[in-house]
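Dear colleague,

Please find the structure below, handed over for your records. My notes on it follow directly after.

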Amino acid sequence: MVNWLQHETGGLLTLCALAIALLLVLIIKVKLEPFISLLICGLLLGLAAGLSVEQLVGTALSAKTSLLETGFGAILGHIAPIIGLGTILGAILEASRGADVLTRKLLGVFGERGAPLAMGLAGIIFGIPVFFDIGIFVLAPLVYVTAKRGGRSLVLYAMPLLAGLSMTHAFLPPHPGPVAASGFLGVSLGWLIVMGLVCGIPAFLAAGVAWGAWIGKRIFVEVPEDFIVAEEEARAEAAEKGVERTEPSLSLVLGIIAVPLVLILLATFGTVWWEDSPALPVLTFFGNPAVALTIAVLLAMWLLGLRRGFSARELQDLSSKSLRPIGMILLVVGAGAFFGAVISATGVGKALASAMSDAGLPLIVLAYLISCGLRLAQGSATVAIATTSGIVAPLLKGEDFSQPHIALIAVAISAGSIIASHVNDGGFWIVSRYFNMSVRDTLKTWTVLETILSVVGFAVAALLSVFI
């Protein structure tokens, strides 16, 4: 029995399935923190599969080569600076009222009839540097005012905004999910940006524009007066404290957001277009995601901060405060990397590849289905991405996949991680609270929107993978 579990394909797959089942029980039933659950399941899977204690956790004197340290260290070295810098950039853009400027300009261009689309574009642009929930906190008041003036359902304006924020959060760096998938699968962020946009834009149009317009006419949600009053009081209080500062220009906001994206893309495509050029090392240096984001953060600190009345102390406090929530994200991703390293070392990856080959199932489909299952079961997109990427990464070894193709697999994992948001997802309750919707209405609007984003994003990725 032990030999079958540790060496046969069926046994290894059974061990993997039991480890994932235990992971879900610990997270859902026991309410244990996901990163602790991942650690426990990784350790138990390694021991059950016959890995030595030294291989798993090292010796009493050294653990440098253990799966525990190398699993954590390899991925955190890749994602920690990117997520940290991206978080600070988003905080500065938020504090400088860049979101207000962006949304008002878009509303002015598109007018009342195009206001829902303007909200969606605001979600996409502002959603690149800020977390999903922060984007809602900042932009929701603008949705309230627009819906109140238009006299139409709050749903009509909220759905495009949510689609834009969710799409960027799921598919584009520097958000934790895509960055983690990039590190696990070994794909450049440049290709991930390209494929994330190629797959994400159609998904946004289907979920935010088409679905948003249809459901917004069928579910009427009023904007409560206290929502508007609370926003006005907050602005008045800020003015009294003397913190109402000159707003930045739209071009400045867009320019700062574009800087890291352009630098990363130049470095990625420079390896193809200017392979023998002496400029390539320069592009590679400045296009390194950590370097590119550092440049963007310094520009934001100077142009949006110091030049507009922020003190150095205020910027320091803003940066420190913005970084506090990302600790748990990094721990979850690190633990997911350890879990994946154990799966690779036990041979489960090879067994899964063999079973997949026998079933005739493409890797991109398997990646999407695993991610969907984990998302539906435990609610966290980050856990779904980290766990799925750890399972899928060993399957890439020995395969001659190009960087664009691997980026599409990463997009498929990200797409699966957002499907059917429901009551076990914190984002579900944020949407319900901020847009004045009952649980039933949130299921009929937001849950369907997330499912459309997921399915369309995956469908485009799967279609492109046939040709790339």
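Which backbone nitrogen does the side chain of aspartate 425 reach? The partner is the backbone nitrogen of glycine 427, at 3.1 Å; a polar contact here is a pair of N or O atoms within 3.5 Å, where within protein one must be able to donate a hydrogen and the other to accept it, and residues adjacent in sequence count only if both atoms are side-chain atoms.

Please note that this is a predicted model, in which local features need pLDDT of at least 70 and side-chain atom pairs count only at pLDDT 80 or more, while totals for chains, interfaces and linings use all residues. Residues are numbered from 1 along each chain as its sequence is written, and side-chain values use heavy atoms, with hydrogens and water left out.

Aspartate 425 lies in the loop between helix H21 (403-416) and helix H22 (426-434); helices are DSSP runs of H or I with at least four residues, numbered from the N terminus. Its relative accessible area is 12%, so aspartate 425 is buried (under 20% relative accessible area, 1.4 Å probe, protein chains only).

Valine 431 belongs to helix H22 and is buried, with a relative accessible area of 0%. Beyond neighbours within four places in sequence, valine 431 is in contact with residues including Phe132, Leu162 and Trp446 (heavy atoms within 4.5 Å).

As to cysteines, the count of disulfides is zero, a disulfide being a pair of cysteine sulfur atoms within 2.5 Å. For cysteine 372, the nearest cysteine sulfur, that of cysteine 199, is 14 Å away. Cysteine 372 is buried at 7% relative accessibility.

Yours sincerely

Notes. Helix = DSSP H or I, 4+ residues; strand = E, 2+ residues; numbered from the N terminus. Buried < 20%, exposed > 50% of the residue type's maximum accessible area, 1.4 Å probe, protein only.
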